[in-house]
Amino acid sequence: MDYSYIFRRQHPFYRRHRENWERSRSAYAGGSEYIKRALVQHVSEVDLEFLERRDRAYYFNYPRKIARIITQYILSGDPMRMGAEPLLVEDFSHSNLHVNEVMRQFSTLLNVYGKAWMLVEMPAFSGQVTPARRRQERIYPYAVPLSPLDVVDWSTADDGSLNWVLIEENSMDNSNVFAEPQLHRRRRLWTKNDWQLFENIDSEVKLVAQSEHALGVVPVVTVEEIDGYGMDAGHWFEDVVRISDAILNNESEAQMNVIKQMFGLLVISENFARGSRPQQQNRSDSSAKFSHVLARSAAIWESSEESGISRYISPHGAETAAIRSENESLKAELFDVVGLTIVRETREMQSAESKAWDHQQICQFLLNRVDLLEQAESSVWQLMQRYDGSLPLPSIAYNRDFSIIDLQKSVASLLELKSINSGKEFQKEVAKAAVTLLGRYQKIAPERQQLIFDEIEENISSGE
């Protein structure tokens, strides 16, 4: 059977957004390779100057900062996973990554690309699995976050479920220390009942492995931003990258202006320049021309009718200050566009109403992200239970309180509430609120928190 088309398949959505995804990945990675890609050469800039500017350039990686800070806000507190299997919580990826770490990876992928995938797999085994064997051989489901660049094609049924998914798994085999590493081009096709692994060997595509999972569903979870791709629009991270590129280029110009101020450009008179022309072997050769390169590293010359005075010129310091000021404005707009601006930069005192509005803006932004992650993790646990029916299905609840609180004021407010002459039920709620406040500063395990709540119920009910 001819499988060659497997390696040519690309979903139209993948084909349309691949270039932007690759650019976003490069911007997140940063480094010298991205500087070479993002730095723009001026129309009037000679190659020698541009190469120097590129070698001197540095990159403030705002795209990575934004992608990571969103994830850090959302997972600043551990989600509640009531009834989750402790073995899977500690090793959710089959590579000793805690479930929080896997969800951090997934969240960052969603921030960078606007779309992310999660593959749920199960190790191959035969025979009966006892609890001891499960732990020793690690026979339990696991989740692998995937970027949209890894999932090249897929098919969706009328009800929105996946018919199949095609994942690229290029890998390198360097197990033989005495041989050259071998690069394997592979694609794995996941269907509702099995998977097939294809490999491109010497320009021939072969089916090298296959197995059944009999889940009745494709074991892949996909999430995409509804207000972006769901409305046939681009992803906001693309705008982040473009603004960040503008800051990179502006900062490079500011840096070169500083260099030019230290090393000015020599201006000499035209008479001196023509007088310094090399002697021609044939003086009657009227075609001889004086060659000159106009660049920062070479002198420019002017006619004697002008100043005629040799001197050095350099950009004024105000030009560099203007560029840096522009970059500060771009940085502020960058975070404001994303929705991460908390305090507006202004000379006037910000009103309480304005502060509350800014805080509400960032909270709503984070709450939307929380909903996506919570639903994704719940779907992953459901797939894991399909692989192993003995696994409990946990109740997932992510943190939704992103308020920035003042401990001293909060404790004082609680003490005032406690002084109110009220019944025991009111006092119980005040005491529980104090426990919740403590949990904002020191993580309390769910079991221990329940014990504290039980003590509150018992002590206040008994009048202690």
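Begin by selecting Glu 121 together with Tyr 142, its bridge partner in β3, bearing in mind that the model is predicted. Widen the selection to strand β2 (residues 115–121), which pairs with β3 in the antiparallel sense over five bridges. Adding β10 then completes an open sheet of three strands, whose order is β3-β2-β10 and whose pairing is antiparallel. The edges are formed by β3 (142–146) and β10 (220–224), each of which pairs on one side only, and the twist from one strand to the next averages 20°. Next, show helix α6 (residues 99–113), which packs on this sheet with contacts to β2, β3 and β10, and whose direction makes about 150° with that of β2.

Now turn to the salt bridges, of which a search of the whole structure finds 16. Select Glu 253 and Arg 53, whose side chains meet at 3.5 Å, N to O; since Glu 253 lies in helix α8 (residues 236–262) and Arg 53 in helix α3 (residues 47–56), the pair ties together parts that are 200 residues apart in sequence. Both Glu 253 and Arg 53 are buried.

Move on to Glu 377 and Arg 81, a salt bridge with its closest N and O atoms 2.4 Å apart, which links helix α11 (residues 352–387) to strand β1 (residues 80–82) across 296 residues. Glu 377 and Arg 81 are both buried.

Finally, select Glu 457 and Lys 428, which form a salt bridge with the closest N and O atoms 2.9 Å apart. Here Glu 457 counts as partly exposed, at 29% relative accessibility, whereas Lys 428 is buried, with a relative accessible area of 6%.

Conventions
Residues numbered from 1 in each chain as written. Predicted model: local features only at pLDDT ≥ 70, side-chain atom pairs only at ≥ 80, totals over all residues. Heavy atoms only, no water. Pairing = 2+ DSSP bridges. Helix = DSSP H or I, 4+ residues; strand = E, 2+ residues; numbered from the N terminus. Axes fitted to C-alpha atoms, helices over the stretch in contact; angles between N-to-C directions. Contact = heavy atoms within 4.5 Å. Salt bridge = Lys/Arg side-chain N within 4 Å of Asp/Glu carboxyl O. Buried < 20%, exposed > 50% of the residue type's maximum accessible area, 1.4 Å probe, protein only.
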